[in-house]
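Reader: Hello! Could you take me on a close look at the interior of this model, and then show me how the rest of the chain is arranged around that part?

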Amino acid sequence: MSARFPEFRLGEVLATSFTGTLSERQGDPVERIPTPERLVDWLTVSGLAVGSCTTAQLERARELRESIHAAATAAALHEPLPASAVRVINDYSARGRAAAVLTPEGERRWRLGATSSVEDALSVVAADAVGVIAGERDGRLALCASPTCRAAFFDTSQSRTRRWCDMNTCGNRQKKARFNASHRGTT
Ligand SMILES: [Zn+2]
């Protein structure tokens with residue numbers, strides 16, 4: 001892993017972990033996959049290891065990412081899904097040839113093709129987005145309460161009241177801001 005790049009924010013949901021590779025979208029955006037190598041790193045830690053990635057493939061990955069972000073945001077707001085975003089997600093989902101396989105330990109792994117592995121990996125991410133946005137999974141799509149973030153995330157908490165995309169970053173920052181605001185008056 002390359003330390004000079006921004007770290008990933010990995011959640012348990014593939015699709016929103018992917019949209020989280022661009023954070024602070026409403027503030028100073030942080031691009032966490034700035035190079036093809038960094039996309040390879042993200043795919044590797046996400047169980048979708050590929051051999052290599054071109055600049056064109058990185059561009060396509062970002063196109064898919066922004067479409068998932070747009071559709072997930074609309075779904076979280078109970079608004080109609082943008083038609084162009086739906087088209088892009090469906091195209092990527094249909095394009096890949098990834099296969100779900102079982103390990104001897106009974107775990108699910110993804111087997112990607114040898115020649116088109118980035119496209120195969122993106123198809124897995126796109127299909128994951130379809131499942132989440134379609135409401136197939138147990139949870140709720142929501143938008144991060146941080147005004148500079150507003151990332152779409154998948155809330156699987158029992159009460160469905162999670163407010164931040166990530167407790168360690170957005171959640172913590174908000175808490176600190178509140179703490180500072182409440183102590184300013186007393187000093
Ligand atoms: Zn956030």
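Author: Happy to; I will begin with the chain as a whole, go into the interior, and finish with the hairpin and the loops.

This is a predicted model, in which local features need pLDDT of at least 70 and side-chain atom pairs count only at pLDDT 80 or more, while totals for chains, interfaces and linings use all residues. Residues are numbered from 1 along each chain as its sequence is written. The mean pLDDT (the predictor's confidence in each residue, from 0 to 100) is 92 for the chain, and 97% of the residues reach 70 or more. Confidence is highest in helix α3 (residues 55-76), with a mean of 98, and lowest in helix α6 (residues 167-184), with a mean of 80.

There are six helices and six strands in the chain; these are DSSP runs numbered from the N terminus, with H or I over at least four residues for a helix and E over at least two for a strand. Their order along the sequence is α-β-β-α-α-α-β-β-α-β-β-α. The C-alpha trace spans about 65 × 40 × 40 Å along its principal axes. The radius of gyration, taken over C-alpha atoms, is 18 Å, which agrees with the value near 16 Å for a compact globule of 187 residues; the globule rule is 2.2 Å times the number of residues to the power 0.38.

Now to the interior. Of the 187 residues, 34% are buried, where buried requires 20 or more other C-beta atoms within 10 Å of the residue's own, exposed is 12 or fewer, partly exposed is in between, and C-beta atoms are placed from the backbone. In soluble globular proteins, nonpolar side chains tend to be buried together. Here the largest nonpolar core has 45 residues, and L64, A72, I89, A121, V125 and A129 touch the most other members. Such a core is a set of buried Ala, Val, Leu, Ile, Met, Phe, Trp, Tyr and Cys residues joined through C-beta atoms within 7 Å. The elements that each give two or more residues to this core are α1, α2 (36-45), α3, α4 (83-95), α5 (117-133), β5 and β6. Helix α5 supplies the largest share, ten residues.

Helix α5 is largely enclosed by the rest of the structure, because 14 of its 17 residues are buried. Its end C-alpha atoms are 24 Å apart, in agreement with the 24 Å expected at 1.5 Å a residue; the expected span is 1.5 Å times one less than the number of residues. After α5 comes G135, with a positive phi near 75 degrees.

Helix α3 passes the length check too: its 22 residues should span 32 Å, and the end C-alpha atoms lie 31 Å apart. Its buried residues include nonpolar ones such as L64 and I68, but also R65 and H69. Leaving aside neighbours within four places in sequence, L64 is in contact with V88, I89, Y92, L122, V125 and A126, a contact being two C-beta atoms, placed from the backbone, within 7 Å. H78, which follows α3, has a positive phi near 55 degrees.

Contacts across the sequence also deserve a look. Among contacts between residues at least 6 apart, 54% join residues at least 24 apart. In the segment before α1 (14-19), R4 is exposed, with 4 other C-beta atoms within 10 Å. R9, also in the segment before α1, is partly exposed, with 19 C-beta neighbours inside 10 Å. Apart from residues up to four places away, R9 touches G20, S23, D166 and T169.

Next, the hairpin. Strands β3 (residues 99-102) and β4 (residues 108-111) pair in the antiparallel sense over four bridges, where pairing needs at least two DSSP bridges. A99 has R111 in β4 as its bridge partner. Five residues lie between the two strands, and G106 takes a positive phi near 85 degrees in this hairpin.

Last, two loop residues. E24 sits between β1 (22-23) and β2 (30-31), with a positive phi near 55 degrees although it is not glycine. R150 lies between β5 (140-143) and β6 (152-155) and has a positive phi of about 55 degrees, again without being a glycine. E24 is partly exposed, with 16 other C-beta atoms within 10 Å, and R150 is partly exposed with 18.
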